[in-house]
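Please find below my notes on this model, set out as numbered points. They go from the whole chain to one helix.

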Amino acid sequence: MNYLEAAQEIKEVIPEIENELKRNRKQNSYSVIQTFTDNIKDRIKQNDRNILFLCLKKMDDIYRNGDAVLKNAVEHTFIYSLDNSTAFCSEEYRKMIFSHISKDLQTVYSSQIYNHGI
């Protein structure tokens, strides 16, 4: 899957994101994942769990099926933002969010957190 296919799949989960995706002049893997990540952050803040969990599943699908650049974008944009996105959540809500993130992405997250600065 490339970034154009990923954008199409994201629009299937969140149709209203289409305008945000179009606003990016330089549409590429990183801009698509950044827009999706920003939307996920908003869902976390709004406690919109149903859509949030669908988005997390879609992010996993993109990571699992994406090309190398898309996977890199997920690792360096979405995963890197998780701490900031969940910083003000209750411990219970944070655990629930992480329980909806695939084991593969949790492994990448753990690797980033525990190897940061090494």
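1. What radius of gyration does the protein chain have, and what would a compact globule of 118 residues have? The protein chain has 14 Å, which agrees with the value near 13 Å for a compact globule of 118 residues. The radius is taken over C-alpha atoms, and the globule rule is 2.2 Å times the number of residues to the power 0.38. Along the principal axes, the C-alpha atoms fill a box of roughly 35 × 35 × 20 Å.

2. On provenance: this is a predicted model, in which local features need pLDDT of at least 70 and side-chain atom pairs count only at pLDDT 80 or more, while totals for chains, interfaces and linings use all residues. Residues are numbered from 1 along each chain as its sequence is written, and side-chain values use heavy atoms, with hydrogens and water left out.

3. The protein chain has seven helices and zero strands (DSSP runs, H or I of at least four residues for helices and E of at least two for strands, numbered from the N terminus).

4. Of the 118 residues, 42% are buried (under 20% relative accessible area; exposed is over 50%, partly exposed in between, with a 1.4 Å probe and protein chains only). Among contacts (heavy atoms within 4.5 Å) with a separation of 6 or more, 64% join residues 24 or more positions apart.

5. Helix α6 (residues 91–99) buries Tyr93, Ile97 and Phe98. Seen down the axis of α6, these fall within an arc of 135 degrees, so they line one face of the helix (the arc is that of the directions from the helix axis to the C-beta atoms). The face turned away from the buried side carries the exposed residues Glu91, Glu92, Lys95 and Ser99. Cover for the buried residues of α6 includes α3 (29–46), α4 (49–65), α5 (68–86) and α7 (103–115).
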